[in-house]
Amino acid sequence: MSQDNASTHDNSTNDNSVNDKNQVKESKEKKRKLLGLEPVETHHDMTLDGQIFAYVARAGVIPLKDEFDETEAEIFFTAYELESPHSGDRPLTFVFNGGPGSSSIWLHMGALGPTRVRMEPEGWMPPPPYRLEANPYTWLDQTDLVFVDPVGTGYSRAINDTLDKKFWSFEGDIKSVGEFIRIYLTRYQRWASPLYMAGESYGTTRVAGLAGHLVDKGIAFNGIILLSSALDLRPIFFGQGDDLPFPLFVPTYAATAWYHQKLAPDLQERSLPDFLSEVEAWAESDLTLALMKGDRISDGDRTHIAETLARYIGLEPDYVLGSNLRVDIFRYCKELLRAEKRSVGRLDSRFQGIEALTVTESPEFDPSMLAIQPPYTSTFNHYVRCELAVETDLNYEVLNFEVNKNWAWEKGSLPNTGETLRGAIAKNPYMKVFVGQGYYDLATPHFATEYMISHLNLDAKLRHNIQTKLYEAGHMFYLDINSLKAFKQDIDQFLRS
């Protein structure tokens with residue numbers, strides 16, 4: 001190497017060093033305030049069926065560190081364990097909600113935890129101020145529980161905004177939450193416990209991915225619970241030129257029309273399961289074949305399909321024809337009750353929204369989402385400070401839309417963790433799967449879930465590992481007290497088996 005070249009190389013190195021220092025300085029300037037809270041333990045008791053159970057609640061963070069032992073992020077969790085001499089042998093369930101960008105507040109405070117938000121019996125919003133109540137349907141009598149808030153949700157944060165992208169992705173999420181589970185099992189000596197995971201919505205995408213990721217690292221699960229499934233996102237996303245979601249949404253449109261009494265008397269008087277069996281058979285045969293023909297469909301067939309579809313979902317044939325036989329979810333939510341100046345919810349189509357105008361194409365808001373966000377947000381902020389003794393001014397991110405907006409999908413496409421789940425069951429044939437769905441869920445319709453489950457390519461000898469239950473409510477079917485009660489009975493049976 002010549003002297004000139006050597007000199008040039010040295011200057012370049014110095015320049016790079018200066019740039020690196022500037023980047024480090026900039027990164028430090030953007031460093032976030034983290035919770036930095038060693039888990040706080042508080043002691044409680046609850047009464048179930050006349051029996052008193054003492055339990056410990058644990059709330060705090062576990063730091064995620066890089067290869068240099070530097071903290072990159074913190075994951076906040078809330079855990080509940082029965083106080084028992086054999087607590088280390090009890091089942092342990094890790095629980096996630098979805099989004100991406102949702103904290104674990106919904107399953108925590110709505111269905112599984114020892115305390116739940118008091119709502120109206122159907123799940124409607126009560127008048128403020130909102131209150132908590134003891135949850136007689138908690139899972140804590142069957143399993144210890146760990147509610148996990150992935151990075152960017154709840155009190156979980158990356159150390160600075162440049163690290164967000166490491167965790168706000170399909171792969172980054174799986175790796176970070178998988179590492180949290182490994183650390184939790186180690187710190188709290190739970191490697192010998194029967195292990196479960198429960199996830200809702202995108203949480204099912206996460207749980208299925210984790211089952212495959214962790215079994216390869218030596219962590220096998222006895223069972224996983226998938227609620228309002230999104231194993232494959234293609235069947236529930238209305239992509240341009242993709243006809244797959246349209247027939248899969250029709251049974252939920254039909255259930256919605258049945259609930260709001262918008263059907264002809266001969267359909268309205270039938271039971272919901274009986275009516276939907278007819279609709280599902282038609283949607284996966286006649287409707288699917290008609291949509292596959294595209295512009296080649298004859299005028300006569302187009303009219304016949306439109307009339308049948310309109311009859312099943314409570315709309316006018318002209319509207320269905322004007323939609324080219326393809327009724328988009330948001331158009332449906334607006335159209336069904338348009339004449340009454342109302343809309344129906346996406347998360348739960350039993351809910352009605354009050355619309356300012358009848359002429360718009362889509363609803364102003366999702367009434368099923370807005371009905372639950374204020375009660376859950378206010379009660380959790382009270383509960384975490386007054387009952388769990390977490391002291392912080394940090395905002396608890398119930399729903400972080402920045403996470404959702406900036407989420408990086410795998411290789412730029414929507415993930416399909418159905419194959420990952422199939423592989424996890426094949427590698428661990430003792431793992432059982434419970435699938436729970438709501439009839440009135442327009443976010444992850446039950447017929448789309450049936451499609452996902454039936455397309456796992458699971459070996460015939462392993463198909464009995466999966467069981468499915470349907471409830472007469474929506475995406476968060478546990479908001480309805482009767483559905484929550486039935487759900488608890490089904491889960492008790494699943495865990496005991």
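**Figure 1. The second largest cavity encloses about 30 Å³ of space.** The view is taken from a predicted model. Residues Leu347, Asp348, Phe351, Ser368, Ile372, Met476 and Leu479 form the lining of the second largest cavity. Sorted by class, this lining comprises five nonpolar residues, one polar residue and one charged residue.

**Figure 2. The largest cavity holds about 50 Å³ of space.** Two cavities of 30 Å³ or more are counted in the model. Helix 6 (245-259), helix 8 (272-293) and helix 9 (299-313) are the elements that each contribute two or more residues to the lining of the largest cavity. Helix 6 supplies the largest share, with four residues. The residues that line the largest cavity include Phe246, Pro247, Val250 and Tyr253. Also among them are Leu287, Leu291, Leu309 and Ile313, together with Leu325, Arg326 and Val327. By class, ten residues of this lining are nonpolar and one is charged, while no polar residue is present.

**Figure 3. The largest pocket has a volume of about 960 Å³.** Its lining consists of 38 residues, of which Gly99, Arg346, Leu347, Asn404 and Ala443 are the closest to the pocket centre. Two or more lining residues come from each of strand 9 (195-201), helix 11 (329-335) and helix 14 (401-405). The largest share, three residues, belongs to helix 11. The lining of the largest pocket is divided by class into 24 nonpolar, ten polar and four charged residues. Leu347, one of the residues closest to the centre of the pocket, also lines the second largest cavity.

**Figure 4. Helix 13 spans residues 373-386.** The 14 residues of helix 13 extend over 20 Å from the first C-alpha to the last, close to the 20 Å expected at 1.5 Å a residue. Pro375, Tyr376, Thr379, Phe380, Tyr383 and Val384 are the buried residues of this helix. These residues lie on the same side of helix 13 because they cover an arc of only 130 degrees around the axis.

**Figure 5. Several strands and a helix take part in covering the buried residues of helix 13.** Among the elements that cover these residues are strand 3 (71-82), strand 5 (115-117) and strand 6 (132-134). Helix 2 (105-112) is also included in this cover. The covered residues are Pro375, Tyr376, Thr379, Phe380, Tyr383 and Val384 of helix 13, each of which is buried.

Terms used
Residues numbered from 1 in each chain as written. Predicted model: local features only at pLDDT ≥ 70, side-chain atom pairs only at ≥ 80, totals over all residues. Heavy atoms only, no water. Expected span 1.5 Å × (residues − 1). Buried < 20%, exposed > 50% of the residue type's maximum accessible area, 1.4 Å probe, protein only. Arc of directions from axis to C-beta. Contact = heavy atoms within 4.5 Å. 1 Å grid on protein atoms, 1.4 Å probe; cavity = no way out; pocket = protein on both sides within 12 Å on 5 of 7 lines; lining within 4 Å. Points joined across faces, edges and corners; volume = space filled by probe spheres on them. Nonpolar A, V, L, I, M, F, W, Y, C, P; charged D, E, K, R; others polar.
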